[in-house]
Protein chains: 2
Amino acid sequence: MAALYHHPAPEDITLLPLLRAIADPVRLGIICHLHSLKEANCTTLLRGRPKSSMSHHFQVLREAGILQTRVEGVQHRNTLRLDVLENRFPGLMVSILRECPTNLPEDS
Amino acid sequence: MAALYHHPAPEDITLLPLLRAIADPVRLGIICHLHSLKEANCTTLLRGRPKSSMSHHFQVLREAGILQTRVEGVQHRNTLRLDVLENRFPGLMVSILRECPTNLPEDS
DNA sequence: CTTTTTGTTCTATCAATATGGAACAATAAA
DNA sequence: TTTATTGTTCCATATTGATAGAACAAAAAG
């Protein structure tokens with residue numbers, strides 16, 4: 001699990017891939033959870049889904065510039081890149097995060 | 001072409017379908033063009049694409065609540081529902097429209 | 001060293017969606 | 001009435017992307 005992740009630089013984050021990444025129910029759920037948890041690893045957000053699926057979604061979010069992955073031992077901790085996104089596309093994430101359910105249900 | 005279009009009420013516009021509709025290169029192009037033209041019919045925005053494809057994209061945008069279609073004779077005039085979207089998801093469309101190219105190229 | 005935990009990568013399959021041709025419908029114009 | 005314009009609907013095809021099992025890799029613990 002060497003996994004030297006590549007996080008795109010702020011100027012390389014583009015709107016279309018960003019929107020495509022967000023416009024998925026599972027990934028929007030991940031985003032909302034990360035927003036409330038501040039930081040979480042992959043396993044924490046599995047909701048009965050296979051790891052390979054989740055790993056895929058995290059990769060999409062990472063490559064779109066939405067989240068950052070920090071390796072700590074065997075765990076990979078993910079956080080939203082809200083500051084970067086706010087600078088790059090002001091108001092976008094705010095308007096989306098406002099729609100996150102306040103109490104995240106168990107099965108989302 | 002009876003086409004009694006159904007435009008969703010503001011409260012029936014939901015985030016995920018909205019994002020899915022926007023997160024497509026052709027439709028994002030349509031949105032940007034409509035933003036600069038204020039109003040346009042389907043044929044005006046064909047860029048060598050078949051009508052059936054464009055009609056499909058307009059339908060997706062319409063059902064997502066992004067645009068409104070007004071029938072005038074043989075033409076169907078489309079406009080963005082910016083006021084509704086701003087009320088429903090404040091700041092969202094603004095942040096997206098800001099990314100539209102100022103001079104829309106011929107082939108977009 | 002062996003086992004456990006975590007997450008990736010590979011691969012195949014399946015579902016959703018975009019594309020585009022053809023026929024059709026409606027209005028307007030000749 | 002005939003023709004042209006506009007856009008929809010139907011249909012088949014192609015493409016994209018999600019799902020999920022299996023094997024693998026790395027780190028930590030026993």
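## Around DNA strand C

In this predicted model, H3 and strand E3 (75–80) of chain A, together with H3 of chain B, each give at least two residues to the surface near DNA strand C. Here helices (H or I, at least four residues) and strands (E, at least two) are DSSP runs, numbered from the N terminus, and a residue is near a molecule or strand if its C-beta atom, placed from the backbone, lies within 6 Å of it. Of the 24 residues around DNA strand C, those that come nearest are Asn41(A), Thr43(A), Ser52(A), Ser55(A) and Ser52(B).

Sorted by class, the surface near DNA strand C has 11 nonpolar, 10 polar and three charged residues. For that sorting, Ala, Val, Leu, Ile, Met, Phe, Trp, Tyr, Cys and Pro count as nonpolar, Asp, Glu, Lys and Arg as charged, and the others, Gly among them, as polar.

Some bookkeeping: residues are numbered from 1 along each chain as its sequence is written, while chains are lettered from A and ligands numbered from 1 in the order in which they are written. Since it's a predicted model, local features need pLDDT of at least 70 and side-chain atom pairs count only at pLDDT 80 or more, but totals for chains, interfaces and linings use all residues.

## Around DNA strand D

Over at DNA strand D there are 25 residues, and Ser52(A), Asn41(B), Thr43(B), Ser52(B) and Ser55(B) come nearest. Two or more residues apiece come from helix H3 (51–63) of chain A, and from helix H3 (51–63) and strand E3 (75–80) of chain B. The class split for the surface near DNA strand D is 11 nonpolar, 10 polar and four charged.

## The hairpin in chain B

E3(B) also has a partner strand: E2(B), residues 67–72, pairs with E3(B) in the antiparallel sense over six bridges. (Two strands pair if DSSP finds at least two bridges between them.) One of the bridge partners is easy to pick out: Thr69(B) goes with Asn78(B) in E3(B). The hairpin has two residues between the strands, and Gly73(B) takes a positive phi near 65° there.

## H2 against H3

In chain A, the axes of H2(A) (residues 25–37) and H3(A) come within 10 Å and cross at roughly 70°. Axes are lines fitted to C-alpha atoms, for helices over the stretch in contact, with angles running from 0 to 180 degrees between N-to-C directions. H2(A) and H3(A) are therefore roughly perpendicular; angles under 35 degrees count as roughly parallel, over 145 as roughly antiparallel, 65 to 115 as roughly perpendicular and the rest as oblique. Val26(A), Arg27(A) and Ile30(A) of H2(A) make the contact with His57(A), Val60(A) and Leu61(A) of H3(A). Being in contact is a matter of C-beta atoms, placed from the backbone, lying within 7 Å.

Chain B has its own crossing, with the axes of H2(B) and H3(B) within 10 Å and at roughly 70°. On the H2(B) side sit Val26(B), Arg27(B) and Ile30(B), and they meet His57(B), Val60(B) and Leu61(B) in H3(B). This contact has four nonpolar, one polar and one charged residues.

## Chain A meets chain B

The contact between the chains takes 16 residues from chain B and 16 residues from chain A. On chain B, helices H1 (15–22), H2 (25–37) and H5 (92–97) each supply at least two residues, with the largest share, five residues, coming from H1(B). That side of chain B has 12 nonpolar, two polar and two charged residues.

A turn of 180° and a shift of 0.0 Å along the axis lay chain B on chain A with an RMSD of 0.0 Å, which is the relation of a two-fold axis. The superposition is by least squares on the C-alpha atoms of residues with pLDDT of at least 70 in both copies. The same surface serves both copies, as 100% of the contact residues of chain B recur in chain A.

Definitions and conventions. Contact = placed C-beta atoms within 7 Å.
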